[in-house]
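This report covers helix packing, nonpolar cores and backbone geometry. Keep the coordinates open while reading.

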Amino acid sequence: MRYLVTGKEMKLLDQNTSSHYKIPELVLMEQAAMHFVWELCTVLSSQSPRKGIVFCGLGNNGADGIAIARLLIERGIPTHICKIKDFLNEKSQASASFQVQESIYDAYKYPVIGSLDEIQNENYDFVIDAVFGIGLSRNLNDEYIALLDKINYLNGIKIAVDMPSGINSDNGQIMGNAVKCDYTITFSFEKMGQYLWPGCEYAGKTYVVDMGITQKSWLDKKPNYAYLEDKDLSKLPKRVDHSNKGIYGKLLVIAGSKEMAGAAIFCAKAAYRSGVGLVKVFTHEDNRTIIQAAVPESIVATYGNKLNKEELIEHLKWADALVVGPGLGQSSIAKDIVKLVHRTVSVPVVWDADALNIFAQDINQLLLPHTEYIVTPHIGEFSRLTENTVNWIQNHLIESAIDFARTYDLICVLKDFHTFTAVPFGLSYLNLTGNNGMATAGSGDVLAGIIGALLAQGVRGDNAASIGVYLHGLAGDKAKGKNSAHALIASDIIEALQEVWKGTENAEY
């Protein structure tokens with residue numbers, strides 16, 4: 001697991017390092033510049049860079065840029081700096097660190113470009129963006145928008161210092177315009193805005209370098225966000241030699257409406273491929289034959305034109321965990337099922353797809369006391385749940401998911417380019433596995449089955465949700481590698497789970 005920080009959190013870490021551990025800001029800055037240059041030279045080693053330019057704002061990011069330019073020149077790589085005035089406040093003064101770095105640079109009489117007009121006919125092998133860094137929190141004016149356009153139009157590989165200028169480091173939003181970078185070299189910890197859309201498209205490939213700020217600088221306040229790595233799969237329960245199917249949990253999948261069996265099949269198959277011992281599918285009677293043929297390992301129970309509530313309650317008593325909603329529809333019977341499960345169930349539940357659309361019709365239902373819930377909406381379903389527009393949610397992905405999780409005391413897996421798992425008042429997770437080939441029918445049903453299977457095996461909700469999303473993405477990546485993004489279908493993800501688990505069982509974490 002690796003932590004992700006916001007711009008505010010990183011500034012606090014910086015302050016803690018200087019105030020609590022007594023490391024001067026300029027020492028941290030020199031270490032940051034030195035490690036940046038080492039990483040940059042490694043990244044560009046195959047390019048044989050001959051000349052570069054660094055665009056420096058008047059703040060600490062610009063001060064980093066000046067130090068970087070100086071160290072590059074000392075390495076024998078001709079580098080210019082171009083100082084960018086503050087277009088938002090003409091009377092603003094350069095930061096104290098900027099003034100110190102500028103005085104050092106000037107003492108060496110290293111080259112300075114007075115304005116962008118002077119470089120119109122220049123060809124640079126690399127362009128370093130050190131205009132704003134992580135501190136930008138307001139929209140840019142026309143002068144800055146035009147400036148960043150000019151930087152983007154320059155030839156040469158573009159590298160951001162800590163954060164592409166114009167991207168909000170907290171949420172990845174473009175603040176009017178942004179530098180489109182090939183690489184971002186960031187300090188100490190990765191930033192949320194480097195992985196949230198659309199910031200991830202501007203950051204390029206991100207590298208993390210040390211600058212002397214470590215986890216000790218958190219003091220008593222840890223970051224709120226993280227992303228998982230392969231070694232986090234060690235949290236999953238191990239298979240034991242002396243065991244039987246009952247040990248690995250019983251999952252009840254309530255899915256599929258009249259002549260709509262596909263979602264139930266995807267969910268049940270994915271659950272079995274994720275290690276659960278038994279899957280029972282509760283579905284419309286018209287689906288019995290096709291489900292038994294497609295997933296012969298599953299138990300199939302059905303309802304007809306009327307719901308036998310006592311029978312459903314017995315099924316609920318049988319299960320260690322539930323998945324409710326894939327392909328369920330929104331009929332009166334579907335609504336009765338959701339209502340009965342919500343008021344009766346005593347085991348963890350994954351609410352997905354149509355179950356969420358039913359809750360959206362009376363969201364106050366979720367305020368009633370309930371067992372451990374995980375909801376798995378895509379952006380459209382989340383829009384219906386919250387009555388916010390899709391555009392607003394995409395611009396406020398993190399805060400809207402966390403607010404929903406806290407309001408209704410549940411775990412919210414908000415599916416997007418990078419799916420976010422919001423844990424109420426706990427560490428939340430941004431997922432970095434997966435690909436655009438997974439934007440296909442049935443992919444969400446597979447995810448619900450994976451998470452449900454982990455819950456049934458006794459995995460805690462926050463781990464089941466975050467690791468389930470991670471596994472789903474890993475399987476999608478392997479399926480893409482085998483089949484291509486264009487040809488990828490949900491069944492490919494299920495089949496690729498075999499390879500994922502094989503790698504997990506053979507790994508030494």
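In this predicted model, helix α7 (residues 262-272) crosses α15 at roughly 40°, and their axes come within 7 Å. That angle makes α7 oblique to α15, because roughly parallel would need an angle under 35 degrees. The crossing of α7 past α15 is right-handed. On the α7 side, the contact is formed by Ala263, Phe266, Cys267, Ala270 and Ala271. They meet Asp445, Val446, Ala448, Gly449, Ile450 and Ala453 in α15. By class, this contact has 9 nonpolar, 1 polar and 1 charged residues.

Helix α15 (residues 443-456) also packs against helix α17 (residues 490-506). Here the angle is about 35°, with the axes 8 Å apart. This crossing, too, is right-handed. From α15 come Ser443, Val446, Ile450 and Leu454. From α17 come Ala490, Ile493, Ile494, Leu497 and Trp501. The class count for α15 with α17 is 8 nonpolar, 1 polar and no charged residues.

Val446 and Ile450 of α15 appear in the contact with α7, and Val446 and Ile450 are listed in the contact with α17. The two packings compare as follows.

| Helix pair | Angle | Axis separation | Residue classes |
|---|---|---|---|
| α7 and α15 | roughly 40° | within 7 Å | 9 nonpolar, 1 polar, 1 charged |
| α15 and α17 | about 35° | 8 Å | 8 nonpolar, 1 polar, no charged |

Next, the nonpolar cores. The largest one has 102 residues. Which residues have the most contacts inside it? They are Phe36, Ile128, Ile159, Leu454 and Leu471. Leu454 is also one of the α15 residues that meet α17. Phe36 touches Ile68, Ile128, Ile159, Ala160, Val161, Ile185, Phe187 and Val209, leaving out residues up to four places away in sequence. Apart from this core lies another, of 55 residues. Val349, Phe359, Leu366 and Tyr373 are among its members.

Tyr225 deserves a look of its own. Tyr225 is found in strand β10 (residues 225-227). Is Tyr225 buried or exposed? Tyr225 counts as buried because its relative accessibility is 12%, and the cut-off is under 20%. Beyond its neighbours within four places in sequence, Tyr225 is in contact with Tyr3, Leu4, Thr6, Met192, Ile398, Ile402, Phe420, Leu427 and Ser428. Ile398 is 173 residues from Tyr225 along the chain, yet their C-alpha atoms are separated by 9.9 Å.

Backbone geometry comes last. Most residues other than glycine have a negative phi, and most peptide bonds are trans. Three sites depart from that pattern.

The peptide bond from Trp197 to Pro198 is cis, with omega near 5°. Pro198 lies in the loop between β8 (190-191) and α6 (199-203).

Asp162 is not a glycine, yet has a positive phi of about 75°. Asp162 is found in the loop between β6 (157-161) and β7 (183-187). With a relative accessible area of 8%, Asp162 is buried.

Ser484 is also not a glycine, and has a positive phi of about 85°. Ser484 lies in the loop between α16 (461-483) and α17. Why does Ser484 count as partly exposed? Its relative accessibility is 34%, and the partly exposed class runs between the 20% and 50% cut-offs.

Conventions: Residues numbered from 1 in each chain as written. Predicted model: local features only at pLDDT ≥ 70, side-chain atom pairs only at ≥ 80, totals over all residues. Heavy atoms only, no water. Axes fitted to C-alpha atoms, helices over the stretch in contact; angles between N-to-C directions. Helix = DSSP H or I, 4+ residues; strand = E, 2+ residues; numbered from the N terminus. Left-handed = near helix turned anticlockwise from the far one by under 90°. Contact = heavy atoms within 4.5 Å. Nonpolar A, V, L, I, M, F, W, Y, C, P; charged D, E, K, R; others polar. Core = buried A, V, L, I, M, F, W, Y, C linked by side-chain atoms within 4.5 Å. Buried < 20%, exposed > 50% of the residue type's maximum accessible area, 1.4 Å probe, protein only. Parallel < 35°, antiparallel > 145°, perpendicular 65-115°, else oblique.
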